[in-house]
Amino acid sequence: MAPSVDRMVPLLVALLFLCLGAEAVDRSNFKTCEQSSFCKRQRELKPGQSPYRALLDTLELSDSRITLQLINDNNKVRLLLELYRLHGNMTRVKINELKPLKPRYEVPDVLITDPPTEPMTLVAQDENGLVLSLGVDEQRVIVSARPFRLDIVEGPTVLLSLNSRGLLTFEHLRLRKDTISHKITSTVGSMWDSIKSVFSSKHDADAEDGGGSENAEQAEDEDEQAVKEEEDKPGMWEETFKTHSDSKPNGPSSISLDFSFPGVDHVYGIPEHADTLKLRNTDGGDPYRLYNLDVFQYELHNLMALYGAVPVIISHNTERTMGIFWLNAAETWVDISSSTAGKTVFGKMMDFVQGSSEVPQTDVRWISESGIIDVFVLLGPTPNDVFAQYASLTGTQAFPSLSTLGYHQCRWNYNDKEDVKTVDEGFDKHDIPCDFIWLDIEHTDGKRYFTWDPHKFAQPKEMLQGLMDKRRKMVAIVDPHIKVDSGYNIHNEIRSKSFYVKTKDGADYEGWCWPGNSGYPDFTNPEMRAWWASKFAYDQYEGSMENLFIWNDMNEPSVFNGPEVTMHKDALHGSWEHRDVHNIYGLYVQKATSEGLIQRSGGVERPFVLTRAFFAGSQRYGAVWTGDNAAEWGHLKISIPMCLSLGLVGISFCGADVGGFFKHPSTELLVRWYQAGAYQPFFRAHAHLDTPRREPWLFGPDNTALIREAIRQRYALLPFWYQLFYNAYRTGQPVMRALWVEYPKEPATFVIEDEYLLGKDLLVHPVTDEGAKGVTAYLPGKGEIWYDVHTFQKHKGAQNLYIPVTMSSIPVFQRGGSIISRKNRVRRSSTCMENDPYTLYVALSSQGTAEGEIYIDDFHTFNFEKEKQFIHRHLHFSDNTLSSSNLAPDSNFSTAAWIEKVIIMGATQPTSISLIAADGTKSAVEFEFDSAASVLTLRKPGVNAGADWTVLLQ
């Protein structure tokens, strides 16, 4: 009987999942701001006079921070403001209750270190406020007392204002009116009120000064009415959505703070949303929502929450780039509105603050359900400064192994071992490179993760060895919902160790997901994470080998029968509610998995883990993708701004399911998606269980050839991709970049989202319109030169260029002044190409110069970091001389790869070319010159890619 029940469970789960949506997202499954009681309460507060006042006589200044108490004049609840000047031109602002009833959640494990501080000095103080020096370029912090407001200025310019619209709100923790403990407190309070009334005249006099213990005592009396009024609002102590109830044992605890950017029209960030790169004005509609959710068949151009949440906004104008990092893991809503600077000023500004001339202004308001206000202001001033500042807080993109930058073939699901072998052989038969084949949930034994189906995948090591013989690898899915089954050792261990998330009543939390009834490990528990990591050891994960890597899906977490298809907010992670930690849960899953893959190799091998849910800092643990998209042209288009937005907030290893996960693409859409995906960081084709098979060779020889060419272009460029990811790992700069990042003073670039840069040297404009006969690409940079990488035709910058296209066209341009390396001997996988020779593409600027880099290591271990085993070369062309010099003289690595060709675009014809090797020997170099294209080709210089050398053009 048991086997038939086991077979029925996946069918029931599938039916439940299908009920969540048919052709598009069922919006009724997900809350609007109006249905989220804390968002509704906060939004009902309109800009105006803030009730918060700074108590200047509580100021304490130390070497590392200042502290100052704030008081809410409506209820006399006090808050503690902490202000830090951080190394690297950043400011941190923390606001918490001065004396909360119980601790409020502060997000751990996101910051890579306690940020180093620098001293601030008090410049001026009077009864209206105080001025602090930030010690950089006349930067000051002005704290206005009544109402509380904080302005960061540089000379006469206001850079940023906090609470300028008076929207700071901090719902303090309190006892519920009808509890026994509250009644006792109220009785004691009434007795104290009687005693106090004897001294009422003195008390009233003291109340005027805004300080002193008597004020705090008076607060209780005035707080009674305030709390009563708040309790009249629905959803403060219990909230229902559809059939789900949230018990809210801690009552209302939401926070809000507004920020104003004078002179700013463009803000970006706060992924993940299937929307435009530039963030929209939310006046009159819902705010952007940050709440990790499994949204079935998500809509485009919608501000609904999706799978991940990174609470970072970046502002930009021609003069400055800045950022705000709102460190809070609870459900968060972000309002964005445009106004005119000066129209919403409530504090007295210092005389030197800029005058009354009207300039544009963008106002941003953050609203979170719980936790504290912990915000980092990244003061730039350049885009790369902001990236470096954010990276100093949350870390950089993990440096992936070379093979993970190749092509990944996936579907839900490859049927069995023979199916995998056939797909693997299909790539060789059709001469298409591939590095990874993926297995979705059906490879397991009844959705029990860390297992294999005993019939379809009876000998996983034999399958993995077959791939290894081809120098290919595999990814298997391991989701964080665990089948509740007493015969399943993973479940039994988690239960015995009490590692599951608990219900509000202390039982193991259970919900429905792919296996049926499932438990959810508490990944916020470091002991649980360490145990999870240990399960990836080769002697624990039976059938695994060193070429098996991992995919964490459904880690929002997805709970099919939960509120909004996720976990109940009053579930418990130790002493913290799920509402406090929700958005960081997915990060913890990926972190534990990544650490497991590192540990299984003894700390030698770099891991690869793909995650669907993410948070600030997820970049340290692997790759993300844009989730369950659809085979529609709009989804192809939206993949560009979605990945650009992720890159702006540190997550460079991003891609979208090529071809679309749901539905079946036309051959034209599929080809165009391969062409676009080949030029995005994470390159994986994936498809739903119900779609027809769509391996690259199934659409006729002409389309196979087009797809093959797109994938081969990807593989030829792998040296460039690898160098970009090394740069991202070192600096925090995005791999895939919005044009304005490199052309920050060029307003024409500020809203472009149908093209992008790879690094600073390649511009890509994929064809994303059905039936397109041409595209118009903007080539940025006055005085720049851009070369078509396919024809070497030269174009001037700062122009819109119309490009006729056919089905084989992938418009890509190389910036004049750059040198890019390729490997043009494309083989079956990237590992087969490791020692193949390089071709250098030198694109000359209008001044006849160019520069670039080559980075080489063993492509898969941490030895580049631990043992300094790498090669990093600087390539430079000027005065008709091309040279390679060492950027890392203390490194130690050798390579068999050599330089087999150099192609110089924009060149003039030389009479002779000679090569000077590291030992000073000189030899002639063969060359040919195409006068029509102004392209000079040097053949077989024959020098080692890691050596010093110089080429002279005479």
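What percentage of the contacts between residues at least 6 apart in sequence join residues at least 24 apart? In this predicted model, the share in the chain is 72%.

## Overall dimensions and burial

The chain contains 18 helices and 53 strands. Its radius of gyration is 30 Å, which agrees with the value near 30 Å that a compact globule of 954 residues would have. The C-alpha trace nevertheless has three distinct extents, spanning about 105 × 80 × 50 Å along its principal axes.

Of the 954 residues, 62% count as buried. The accessible surface of the chain comes to about 34,400 Å², and 51% of that surface belongs to carbon and sulfur atoms.

## Strand 7 and its two neighbours

Strand 7, which covers residues 129-133, is mostly covered, with five of its five residues buried. Gly129, Val131 and Ser133 point one way from the strand, while Leu130 and Leu132 point the other way, and the residues of both groups are buried.

Strand 6 (residues 121-126) runs antiparallel to strand 7, and five bridges join the two; the connection between them is a hairpin through two residues. Within this pairing, Asp126 has Gly129 of strand 7 as its bridge partner. Strand 7 is also joined by five bridges to strand 8 (residues 139-144), again in an antiparallel arrangement, and here Leu130 stands opposite Val143 of strand 8. Strand 7 and strand 8 form a hairpin with five residues between them, and in that turn Gly135 has a positive phi of about 75 degrees.

## Salt bridges

Side chains of opposite charge can pair when their charged atoms come close. A search of the whole structure finds 58 salt bridges, and three of the pairs are described here. In one of them, the side chains of Glu369 and Arg579 meet with an N to O distance of 2.9 Å. This pair links distant parts of the chain, 210 residues apart, since Glu369 is in the loop between strand 20 (360-368) and strand 21 (373-378) whereas Arg579 is in helix 11 (residues 578-581). Both Glu369 and Arg579 are buried.

Arg495 forms a salt bridge with Asp508, the closest N and O atoms being 3.1 Å apart. Arg495 lies in helix 9 (residues 489-496) and Asp508 in the loop between helix 9 and strand 26 (510-513), so this salt bridge ties together parts that are 13 residues apart in sequence. The partners fall into separate burial classes: Arg495 is partly exposed, with a relative accessible area of 37%, whereas Asp508 counts as buried at 19% relative accessibility, because the limit for buried is under 20%.

A further salt bridge joins the side chains of Glu742 and Arg737, with an N to O distance of 2.7 Å. Glu742 counts as partly exposed at 21% relative accessibility, while Arg737, at 5%, counts as buried. Elsewhere, salt bridges that share partners join Asp246, Arg289, Glu331, Glu369, Glu564, Lys569, Glu577 and Arg579 into one network, and the Glu369 and Arg579 pair described above therefore belongs to a set of residues connected through shared salt-bridge partners.

## The surroundings of Thr524

Thr524 is placed in the loop between strand 27 (516-519) and helix 10 (526-534). Although Thr524 lies in a loop, it is buried, with a relative accessible area of 17%. The side chain of Thr524 makes a polar contact of 2.5 Å with the side chain of Asp522. When residues up to four places away in sequence are not counted, Thr524 touches Arg529, His573, Val581 and Tyr588, and one of these, Val581, falls within helix 11 (residues 578-581).

## The surroundings of Glu97

Glu97 lies in strand 4, which covers residues 90-97, and counts as buried at 7% relative accessibility. The side chains of Glu97 and Arg104 are joined by a polar contact of 2.8 Å.

Not counting residues up to four places away in sequence, Glu97 touches Arg78, Leu79, Leu80, Arg104, Phe170, Glu171, His172 and Leu173. Arg104 thus appears both among the residues that Glu97 touches and as its partner in the side-chain polar contact.

Key:
Residues numbered from 1 in each chain as written. Predicted model: local features only at pLDDT ≥ 70, side-chain atom pairs only at ≥ 80, totals over all residues. Heavy atoms only, no water. Helix = DSSP H or I, 4+ residues; strand = E, 2+ residues; numbered from the N terminus. Buried < 20%, exposed > 50% of the residue type's maximum accessible area, 1.4 Å probe, protein only. Polar contact = N/O pair within 3.5 Å; in protein donor to acceptor, adjacent residues only side chain to side chain. Contact = heavy atoms within 4.5 Å. Salt bridge = Lys/Arg side-chain N within 4 Å of Asp/Glu carboxyl O. Pairing = 2+ DSSP bridges. Rg over C-alpha atoms; globule rule 2.2 N^0.38 Å. Areas by Shrake-Rupley, 256 points an atom, 1.4 Å probe, with all protein chains shown as cover.
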